[in-house]
Amino acid sequence: MDRRWISNPDRLSTEYEKGVGEFVTFVRGSLDVQGLTKCPCNRCMNREVHHIDSVPYHLLIYGFLKDYIHWTEHGEQSNPQVPLGSPIQDTPPCMNDQDDEMAEALRDAAGHAYDIGSSSDLLSDMRPPAEQVRYDKLFEELHNPLYDDCMKFSALTFIVKLMNVKVLYKWSDRSFVALLKLLHEALPVGNRCPRTYYETRKLLCDMGLGYEHIDVCKHDCTLFYNEHKDDDVCPICGVSRYVRKKIPHKRLRYFPITPRLKRLYSSKHTARAMRWHKEQRLEEDGKLRHPADGEAWKKFDSLYPEFAGDPRSVRMGLASDGFNPFSHMSTSYSMWPVILIPYNLPPWLTMHRSNYLLSLLILGPKSPGKDFDVFLRPLIEELKVLWDGVQSFDSYQQASFTFRASVIWTVSDFPAFAYLSGWSTQGKLACPICLEDTRYKSIRSKISYIDHRSFLEMSHSWRNSKEFDGRSERRAPPRNFSTADILSQLEAVG
């Protein structure tokens, strides 16, 4: 029996499909009464027992153990007649276990699905042609060896690993280009090692790992973006855009979130996990296990029922804080990342750093302060588009759908809250809830907030007591400002 299919990296191929069928047919002859057998997939590794009907799914998702050629755990004799040719020799020579994982990720993202049933035909790809061309190019790079007869690296794997080392050890772009040129000369003729940093970045951008540079005014007045992208001077203060020779005073790094949010639905596994908050979350009164159990989530759903009607609509939190990226704390520098966190996922995936979406990187040397909203502009404009909806592809349901997303709250400390909200958290009116009704008192040139008795009921005995500050408290609590009240205050400021 030819078992070279075991090491075939393409688990959607006819050869692999036929091999899995042969294995299942063979195992059915040695099943126990309950129909259970050991699973030889790369996850179970013959250690876990499953029903025979579940084993094909595992073999298609996780792959067959490459060294399990003699099926001794399933009743086969120790010396079966297996062809002498090594199965690895008939697979692409550059494919190893790491390439296998990357191939599975790309194949998952490309939207292919496997139907195990009466027919095992590959489902038609409903993905837009432009996206499919991009994935086809990545598949080609993945299956091309770095050079002829290379057994360890494909072109794509080599580039990804090389870029990982560059970032890990903080290589400069010039040193990286010098290394690329040296590697290209050292490797055999006809190798696929990129010669320039541009070629490397272009391939990584096809994987969705790119970002945009946006020039910023010297005084943080505006971004040279959209209608101002070709301006040479700031439309607000009139200062030149450049220090000299097209070198801007400041730059903002902007990482578009739409492609990355779409990619959450490009994999059938994460696409299913993105529905967890609606379809699998256990609801129990009085228990807060997930943000969906909170009042803010439920209030948002009641205000926007159309958005909440589709469990695939993404609710996100926005978090930001400043930090000093340099090891010497004496160096004054403040960098502000803006990170989005999708809350559709279960808690153990939501807080995993691999699911954090870096959207903005605001460089120093000083914090943006009250001009933080200027830097948020590209993100806000993209969020407006996502609120109206964009077309995407759901690999779990194998269908296109209108994809929507929204930020429902922010996560920050109190100083960062001032930047995000625009309300100063310092001085006499520091409370962002009480606003202009904030009760304060000066104590030795310091501002204190001590009038908490006004929140008590009017009949409370502590209101009449003068032991606290020598006077009784008769004032009502601060007003609850509505959205309309806050907007009217903002209009007055303008």
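Here are four short exercises on the structure above, each with a worked solution.

This is a predicted model, in which local features need pLDDT of at least 70 and side-chain atom pairs count only at pLDDT 80 or more, while totals for chains, interfaces and linings use all residues. Residues are numbered from 1 along each chain as its sequence is written, and side-chain values use heavy atoms, with hydrogens and water left out.

**Exercise 1.** Find which strands stand at the edges of the open six-stranded sheet.

*Solution.* Start with the vocabulary: helices (H or I, at least four residues) and strands (E, at least two) are DSSP runs numbered from the N terminus, and two strands pair if DSSP finds at least two bridges between them. Next, read the strand order, which is 3-6-9-8-7-12 with mixed pairing. Strand 3 (212-216) and strand 12 (405-411) are the edge strands; each has a single partner strand, so one side of each is left without a neighbour in the sheet.

**Exercise 2.** Work out in which sense strand 7 and strand 8 pair, and over how many bridges.

*Solution.* Locate strand 7 at residues 314-320 and strand 8 at residues 336-342. Their pairing is antiparallel, over five bridges. To see the match residue by residue, look at Met316, which stands opposite Pro342 in strand 8.

**Exercise 3.** Decide whether Glu382 is buried or exposed, and look for a salt bridge.

*Solution.* First place Glu382: it lies in helix 15, which spans residues 377-388. Then apply the cut-offs: buried means under 20% relative accessible area, exposed over 50%, and partly exposed in between (1.4 Å probe, protein chains only). Glu382 is buried. A salt bridge needs a side-chain nitrogen of Lys or Arg within 4 Å of a carboxyl oxygen of Asp or Glu. Glu382 has none, and the nearest side chain of opposite charge, Arg260, is 6.8 Å away (Lys and Arg count as positive, Asp and Glu as negative; His and the chain ends are not counted). Finally, list the contacts (heavy atoms within 4.5 Å): leaving aside neighbours within four places in sequence, Glu382 touches Tyr254, Pro256, Ile257, Thr258 and Pro259.

**Exercise 4.** Look for unusual backbone geometry at Lys245, Lys246 and Pro365.

*Solution.* Begin with the background: most residues other than glycine have a negative phi, and most peptide bonds are trans. Lys245 has a positive phi of about 45°, and Lys246 one of about 65°. Lys245 sits in the loop between strand 4 (242-244) and strand 5 (247-248) and is exposed at 78% relative accessibility. Lys246 is exposed too, at 57%. Lastly, the peptide bond from Gly364 to Pro365 is cis, with omega near 10°.

Note on methods:
Axes are lines fitted to C-alpha atoms, for helices over the stretch in contact, and angles run from 0 to 180 degrees between N-to-C directions.
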